[in-house]
Structure formats: C-alpha cells, structure tokens
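Q: Please take a close look at one loop in this structure and at the elements on either side of it. I am new to this structure, so I would welcome a connected account that then leads outward to the rest of the chain.

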Amino acid sequence: MAYRYPYDDEEKKYQPPKLQTNRSMWKLMILRVLTLGFYDIFFFTPISFDLDKVDPKRCREKTMSYLAAFILSLFTFSIVITIWHYHTASRIEEALQRRDINYDFSTGDFWKWNFFGALILIGPFFYYHKLCTAMNLLCQSYNEKPVLDD
C-alpha cells in the first residue's frame, strides 16, 4: 500500500505496527493469582485483537472481545469464557495452518489441557504455555510478512 506525501518525491510504504511476541505463561499465572483473576482481561484482550489482524476471517467477522466474554461469564457460570477459549483455539489453529507454521496446537489441546486438565490442576499450565507459544509464533510471522499471498 504505497502513498505519496504532498511534498515528497519518493513513495512511502505503509508499515503496520509490530505485534507483541513476548507473551509468557508464567507471567499470566503469577499475575492472575496476584490480581484475583482480573489480569486475564489485560492478557487475553490483546490476543483477540491480534488474532483479528494476523488472520482476518473471510467474512470479516471479528473475535468476541475477552472483556465482553468476561463480563457475560459472571452471569453464566463461566460458560461464555469456555466458549471464547474454544473459538480462540480454533482460530489460532486455522491461522497456524494458513501461515504454514509447524506447531502442534489445536482445539483438542483446549479440551485436553484446559478443560479436563483442570481436574489434575496442572492442565491449564500446559494449555496456556501452548497458547502463548502459538500466539508468539503467529505474531512473529505477521511482523515479518503482514499480508499473505493467497
């Protein structure tokens, strides 16, 4: 996307802003405990926005904001948050495939580690580690090549 400045003789290229590539599971888990779960809003909201930039849906449908899901989950016994995490895992899986990134992350990881793994208390640690790694890889790929050639 090139455009010209009125007083320049050269054409400028638009560079989209760089996305965050330093998400960490340990930071999430420690700050989640210290803030009684409210850090999730600050951690997952950028994930939903970054996912829309990295892999926009063909129908231009946006990912539901984590803040809205968080508020709705207060009234639905966390069902909305569970659905949000499932849809996000599905979108990340599709984005990894579309960008040809060889990383094993799927909705099965959500069910296996976050949902059922919570019964053994360490499952969410594995899921959030895989989620952070997958998003870091996607954002790194986006920072190197923002637009995919279809």
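A: L121 lies in the loop between α5 and α6, where helices (H or I, at least four residues) and strands (E, at least two) are DSSP runs, numbered from the N terminus. The model is predicted, so local features need pLDDT of at least 70 and side-chain atom pairs count only at pLDDT 80 or more, while totals for chains, interfaces and linings use all residues. Residues are numbered from 1 along each chain as its sequence is written, and side-chain values use heavy atoms, with hydrogens and water left out.

The backbone of L121 has a phi near 70°, a positive value in a residue other than glycine. With a relative accessibility of 66%, L121 counts as exposed; by the rule used here, buried means under 20% relative accessible area, exposed over 50%, and partly exposed in between, with a 1.4 Å probe and protein chains only. Another loop, the one between α3 and α4, holds S78, which also has a positive phi of about 70° although it is not a glycine. S78 counts as partly exposed, its relative accessibility being 41%.

The two helices that flank the loop of L121 are also linked through charged side chains. Side chains of opposite charge can pair when their charged atoms come close. A salt bridge is taken here as a side-chain nitrogen of Lys or Arg within 4 Å of a carboxyl oxygen of Asp or Glu, and by this rule the count comes to six. Within helix α5 (residues 107-115), D109 and K112 are three residues apart, about one turn of the helix, and they form a salt bridge whose closest N and O atoms are 3.7 Å apart. D109 also forms a salt bridge with K130, with the closest N and O atoms 3.9 Å apart. This second pair links distant parts of the chain, since K130 is in helix α6 (residues 123-144) and D109 in helix α5, 21 residues apart. D109, K112 and K130 are thus linked in a network of salt bridges. Which of these three residues are buried, and which are partly exposed? D109 is buried, at 3% relative accessibility, and K130 is buried as well, at 16%, whereas K112, at 46%, is partly exposed.

From the loop, the picture continues along helix α6 into the interior. In soluble globular proteins, nonpolar side chains tend to be buried together. A nonpolar core is defined here as a set of buried Ala, Val, Leu, Ile, Met, Phe, Trp, Tyr and Cys residues joined through side-chain atoms within 4.5 Å. The largest such core has 33 residues, and those with the most contacts inside it are F44, I92, F105, Y128, L131 and L138. The elements that give two or more residues to this core are α1 (25-34), α2 (39-54), α3 (66-73), α4 (79-98) and α6, with α6 supplying the largest share, nine residues. When neighbours within four places in sequence are left aside, L138 is in contact (heavy atoms within 4.5 Å) with L51, V54, I92, A95, L96, R99 and I101.

Two cysteines, C132 and C139, are buried too, with relative accessible areas of 3% for C132 and 0% for C139. The structure nevertheless holds zero disulfides, a disulfide being a pair of cysteine sulfur atoms within 2.5 Å.

For the wider setting, the chain comprises six helices and two strands, following the pattern β-β-α-α-α-α-α-α along the sequence. Of its 150 residues, 40% count as buried. Among contacts between residues at least 6 apart in sequence, 58% join residues at least 24 apart.

As for confidence, pLDDT is the predictor's confidence in each residue, from 0 to 100. The chain averages a pLDDT of 88, and 89% of the residues score at least 70. Among the elements of the chain, strand β1 (residues 2-4) has the lowest mean pLDDT, 59, and α6, the helix that follows the loop of L121, has the highest, 95.
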